[in-house]
Every structure is written in C-alpha cells, then in structure tokens.
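Thanks for making the time this morning. I would like to walk you through one structure, going from the inside to the surface, and I will try to be careful about what can be said at each step.

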Amino acid sequence: VYDTDPVSVAGRMKASGARFLHLVDLEGARTGETPNLGVIRSIVKETGLLAEVGGGIRDEDRIRRYLDLGVGRCILGTIAVKDFDFTERMAQTYGERIAVGVDIKDGFVAIRGWTESSEIPYAQFCENMIRLGIRTVICTDISRDGAMKGSNLSLYRELAEHYPALDIIASGGVSSIDDVRALASLGLYGAIIGKAYYIGAIDLAEALEAAK
C-alpha cells in the first residue's frame with residue numbers, strides 16, 4: 001500500500017499535468033465483483049481525467065455502470081480470452097470505449113488476475129482482437145510488472161511493427177525516464193507508469209514532457 005487515499009493520488013497526478021488515468025480494481029480482477037466502485041466514481045468526478053478501468057469486467061452491465069460513472073474506457077481481460085463473441089459485441093456496441101488487456105507470461109496470454117495461463121500465444125491473440133474490432137490494447141509483460149527492471153522494448157517493438165492497426169499501450173516495467181523516451185520512440189500509443197511513480201523513480205511531469 002503506497003497511499004490510503006486514491007482520490008488524492010489521482011488529484012496529484014492531474015496537478016502534474018496528467019490527462020489520462022489507468023485504474024485497476026485488483027479485488028475485482030480476482031472476484032469479479034466491484035468493491036471499489038465508489039472510489040472510482042469519486043476519482044472520475046473529482047479529477048475529470050479520462051480514466052480507463054479494468055479488473056473483473058466480465059459482463060455488459062458492469063461496462064454500463066462504469067461508463068455511466070463517466071469512465072472513458074473499460075478494459076476487458078479474462079472475458080476477452082474466454083468469450084470472443086462477447087468481446088466483438090461490446091466492440092461493436094461501444095466502439096473505442098472498449099479496450100482489451102493482454103497480460104503476457106512466457107509468450108502466452110495470462111488470465112484471472114495472472115493466476116492462470118491460457119494456451120493462446122499473444123501474437124495470435126492480437127490478431128484475433130483486430131478481427132473482432134478492438135482498437136486499444138494494454139499489453140503487460142508480467143515478468144516486468146512492478147519489478148523495476150525496465151520495459152521489454154523488444155516485445156513492444158514487435159507489437160508496434162506487426163500490429164499497426166492497434167493502439168498499443170505498454171505496461172509493466174516502465175522504471176525510468178529513459179524507458180518513457182524509448183517507448184515513445186517506438187511510436188506506441190501510450191505507456192502506463194505505476195510503481196516507478198509511487199516510489200519516486202519517475203517524476204510524472206518530466207515523463208509527460210518526454211512522451212510528447
């Protein structure tokens with residue numbers, strides 16, 4: 001736990017110049033429930049940032065509830081691997097307000113809060129998402145997430161080169177300003193900064209400037 005007041009944290013991010021906010025309900029990812037709905041509502045209302053939310057979104061009712069709160073984009077995780085028909089239907093219904101999270105472990109897509117590995121290679125999964133009409137993909141290298149080891153640049157370079165139809169957001173291991181600059185040079189749509197911000201390894205205002 002880095003802070004007990006997520007709303008204030010989001011406010012400080014906005015004050016540093018952030019315009020986009022990545023939110024994950026970690027409990028929701030494991031249980032499929034929405035224990036943090038009230039906090040997310042407060043963050044969106046008080047900051048006005050364009051927020052994307054993931055964690056346990058496995059039905060359309062959950063998507064509607066988040067979008068009704070003012071969330072800009074909902075991230076499908078496990079359900080996108082398990083149910084292509086649902087994913088395609090949500091992409092057709094809500095357009096770019098639907099994104100998909102691709103969590104990669106040993107070259108395969110991981111599901112259920114990283115507790116299981118599917119049998120789907122990440123490259124095949126990305127191709128499937130393009131076919132289903134998904135535009136935005138948050139790609140996380142699980143081995144790097146929270147480890148402060150730096151970004152897996154070879155992975156993101158490959159994704160950027162082979163899947164230009166996707167807006168790729170890099171996640172996991174973004175540990176320094178150099179990581180931000182390197183990812184920006186690849187032409188990625190975005191990058192998520194998490195632990196590095198909380199421990200002071202990256203100054204958010206500096207990172208935002210480096211990403212321009």
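Before the first element, one term has to be fixed: I call a residue buried when its relative accessible area is under 20%. Please also keep in mind throughout that this is a predicted model.

With that cut-off in hand, let us begin with strand β8, residues 167-171, where five of the five residues are buried, so the strand is largely enclosed by the rest of the structure. If you look at its two sides separately, you find Asp167, Ile169 and Ser171 on one and Ile168 and Ala170 on the other, and both of these faces are covered. As for its partners in the sheet, strand β7, residues 136-141, runs parallel to β8 and is joined to it by five bridges, while strand β9, residues 190-191, is also parallel to β8 and is joined to it by two bridges. Ala170 is a convenient residue to follow here, since Cys139 stands opposite Ala170, and in β9 the bridge partner of Ala170 is Ala191.

Now to strand β1, residues 20-24, which has a covered face made up of Leu21 and Leu23, and an uncovered face with Phe20, His22 and Val24. This strand runs parallel to β2, residues 50-54, with five bridges between them, and within that pairing Leu21 has Ala51 as its bridge partner.

Strand β1 comes up again when we turn to helix α1, residues 6-15, whose buried residues are Val7, Val9, Ala10 and Met13. Viewed down the helix axis, these buried residues fall within an arc of 160 degrees, so they line one face of α1. The general background is that an α-helix has 3.6 residues a turn, so residues three or four places apart point the same way. And what covers that buried set in α1? The cover includes β1, together with α3 (37-47), α10 and α11 (204-210). Just after α1, Gly17 adopts a positive phi of about 110 degrees.

Helix α10, residues 195-198, takes us finally to the surface, as Tyr198 is found in this helix. Tyr198 has a relative accessible area of 39%, so we class it as partly exposed. Together with Tyr2 and Ile199, Tyr198 forms a nonpolar surface patch, and the three have about 330 Å² of accessible area together.

I will stop there and take your questions.

Terms used:
Residues are numbered from 1 along each chain as its sequence is written. This is a predicted model: local features need pLDDT of at least 70, side-chain atom pairs count only at pLDDT 80 or more; totals for chains, interfaces and linings use all residues. Side-chain values use heavy atoms; hydrogens and water are left out. Buried means under 20% relative accessible area, exposed over 50%, partly exposed in between (1.4 Å probe, protein chains only). Helices (H or I, at least four residues) and strands (E, at least two) are DSSP runs, numbered from the N terminus. Two strands pair if DSSP finds at least two bridges between them. Patches are made of residues with over 30% relative accessible area and no salt bridge: like charges are joined within 9 Å, nonpolar side chains (Val, Leu, Ile, Met, Phe, Trp, Tyr) within 5 Å. Accessible areas come from the Shrake-Rupley method with a 1.4 Å probe; for residues, only the protein chains shown count as cover. A salt bridge is a side-chain nitrogen of Lys or Arg within 4 Å of a carboxyl oxygen of Asp or Glu. The arc is that of the directions from the helix axis to the C-beta atoms. Contact means heavy atoms within 4.5 Å.
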